[in-house]
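Subject: Structure handover

Hello,

Here is the structure for you to look through. Please open it first, then read my notes below.

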Amino acid sequence: MPFPFDIAAVEGRARTGVLKTARGEIRTPAFMPVGTAATVKALTVDQVKATGADIILGNTYHLMLRPGPERMERLGGLHRFMGWDRPILTDSGGFQVMSLAGISKVKEEAVTFSSHIDGSKHVLTPERSIEIQSDRIGADISMQLDQCVAYPAEKDAARKAMELSIRWGARSKARFGERENQALFGIQQGSTFEDLRRQSSEQLQEIGFDGYAIGGLAVGEGHQAMCEVLDYAPEMLPADRPRYLMGVGKPVDLVEAVWRGVDMFDCVLPTRAGRHGQAWTWDGPLNLKNARFAEDQDPLDPTIPCPASSAYSKAYLHHLIRADEILGKVLLSWHNIAFYQALTAAMRAAIAEGRFEAFRRDFHARHVSNG
C-alpha cells in the first residue's frame, strides 16, 4: 500500500488514526472541504489551511470541462494550479452520472454526457477517469469510476449499477496500476440492500484497492435510512484501510458515521450553507438572516480559532447577510469549515481518550435537540 494507515485508538467501532501520504498526514476522522472547481468556494487556500484541514477534494467532472485535464497538466497539476500543497482526493465523475441523468447515457464501455456549460459531448471511461485524476490533475487519492443510483432504487437497478461499478473498478485498477505516491480507492455500491453491498465489498477486495469508499448514500434516503446502511456497510470493508463515506453530510451524520466505523468524509454543505446565511454550531444550525440576531453582540463561537468564528458579532454577520454583502458569505463559509474541522478534532480526541460514547450522547443533547 502506498499510504500507511495507522489506527491509534478504537472505541467500539469508532477509530482514530493517521493516513500517511507523500504530501502530508491525514488525521482521521477527517473532513475534506470540497474544492469543486479548483477552489473551496469563497475561501483562499490559506483560510482553508488555517481551519485545520489536512486534505481537500477536487471534482473530476467540473475540472475536465474547465480548465480541462490537458491544460491542468501543462499548468503543473491541481496542487500547483490552486496553490494547495497538502493532499487532494478527486472524485471520479460517477456522481454526475446520476445527477446529470437527463443529459448522460450509461453503457458498458463508458458514460457519455453533454456539458452543462456549452452542450459539448464528452465520453468518460474508467480508464479516462483515472488518466484525468492521476496523470493530469495529479490527485494523491483517485476514485474508481462507478455508477450511483438515486433513492429509492429498485433492487434490480441497484444490482446492475453495483455490478457495472465492479467491472469499472477492475478497469480503473488496471489503468491505475501500482504507484508509489498515489492511491486508488474502490467504491462500495448497492443502495440500501445489504446483500448487494456485501457482494460489492467482497468483489472490491478481490480487485484490491488502497482504500474503500461507501457510495450511493446522501442521495435522498434520509438520515435514518443512511444509519441503517451504516450499521453494516463499514464492517464489510477491510479494517486496516481507510473507509470513506462519500458526500456526507450534516454534523450529526458525521458523528453517527464515525460511531459506525467511518474515517473520511466530504460534503459541499458547509460552504453552501454559508453562502445562504446558515452557520453550524455545537447547538445546531443558526439562520443569520433571522431578526433575533440583529443586535446579538456575541460571536458564533469564541472557542474556535478562526476569525470568522470568534472576531465578528452575530449582529454584524446578520447585517452582512441581509445586505447581501460578499463578506458575509465568506465569513460564514469560513466559520462552517472551521466548525467541521473542530468537530472532527473533537471526535479524534474523544476516541483517543475512550469517551466517544459520552461525546456522542452530549452532542445529540445539544445539537439534535436544537434541530
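Domain bounds here come from an automatic or database domain assignment. On that basis, the protein chain is divided into domain 1 (5–266) and domain 2 (274–369). Please keep in mind that this is a predicted model.

**The two domains**

The C-alpha centres of domain 1 and domain 2 lie 27 Å apart. The contact takes 29 residues from domain 1 and 28 residues from domain 2.

**The nonpolar cores**

Where does the largest nonpolar core lie? Start with its members. The core holds 92 residues, and Leu245, Leu288 and Phe356 touch the most other members. Helix 14 (residues 326–352) gives the largest share, 12 residues. Domain 1 (5–266) and domain 2 (274–369) both contribute residues, so this core lies between them.

Take a look at Phe356. Leaving aside neighbours within four places in sequence, Phe356 is in contact with Glu11, Ala14, Val255, Val258, Trp259, Met347, Ala350 and Ile351. Apart from the largest core lies another core, of 19 residues. Its members include Phe5, Leu89, Phe185 and Met246.

**The largest pocket**

The largest pocket has a volume of about 970 Å³. It is lined by 40 residues, and those closest to its centre are Phe95, Gly247, Asp266, Cys267 and Val268. Four elements give two or more residues to this lining: helix 5 (94–99), helix 9 (222–230), strand 14 (264–267) and helix 11 (269–275). Helix 11 provides the largest share, four residues. Sorted by class, the lining has 14 nonpolar, 17 polar and nine charged residues.

**The cavities**

How many cavities of 30 Å³ or more does the structure hold? There are two. The second largest cavity has a volume of about 40 Å³. Its lining is made of Arg27, Ala30, Phe31, Gly52, Ala53, Asp54, Ile55, Gln341, Thr344 and Arg348. Strand 4 (30–35) and helix 14 are the elements that give two or more residues to it. Helix 14 supplies the largest share, three residues. By class, this lining has four nonpolar, three polar and three charged residues. Both domain 1 (5–266) and domain 2 (274–369) give residues to the lining, so the second largest cavity lies between them.

**Helix 13**

Which residues of helix 13 (residues 314–322) are buried? They are Lys314, Ala315, Leu317, His318, Leu320 and Ile321. What covers them includes helix 11, strand 16 (284–287) and helix 14.

**Backbone points to check**

Most residues other than glycine have a negative phi, and most peptide bonds are trans. Four places deserve a look.

- Thr28 and Pro29 are joined by a cis peptide bond, with omega about 0°. Pro29 sits in the loop between strand 3 (24–28) and strand 4.
- Tyr151 and Pro152 are also joined by a cis peptide bond, with omega about -5°. Pro152 is in the loop between strand 10 (141–143) and helix 7 (155–176).
- Ala42 has a positive phi, near 80°. Its place is the loop between strand 4 and helix 1 (45–50). Ala42 counts as partly exposed because its relative accessibility is 38%, and partly exposed runs from 20% to 50%.
- Asp324 is not a glycine, yet has a positive phi of about 55°. Asp324 lies in the loop between helix 13 and helix 14. With a relative accessible area of 54%, Asp324 is exposed.

Best wishes

Terms used
Residues numbered from 1 in each chain as written. Predicted model: local features only at pLDDT ≥ 70, side-chain atom pairs only at ≥ 80, totals over all residues. Heavy atoms only, no water. 1 Å grid on protein atoms, 1.4 Å probe; cavity = no way out; pocket = protein on both sides within 12 Å on 5 of 7 lines; lining within 4 Å. Points joined across faces, edges and corners; volume = space filled by probe spheres on them. Nonpolar A, V, L, I, M, F, W, Y, C, P; charged D, E, K, R; others polar. Core = buried A, V, L, I, M, F, W, Y, C linked by side-chain atoms within 4.5 Å. Buried < 20%, exposed > 50% of the residue type's maximum accessible area, 1.4 Å probe, protein only. Contact = heavy atoms within 4.5 Å.
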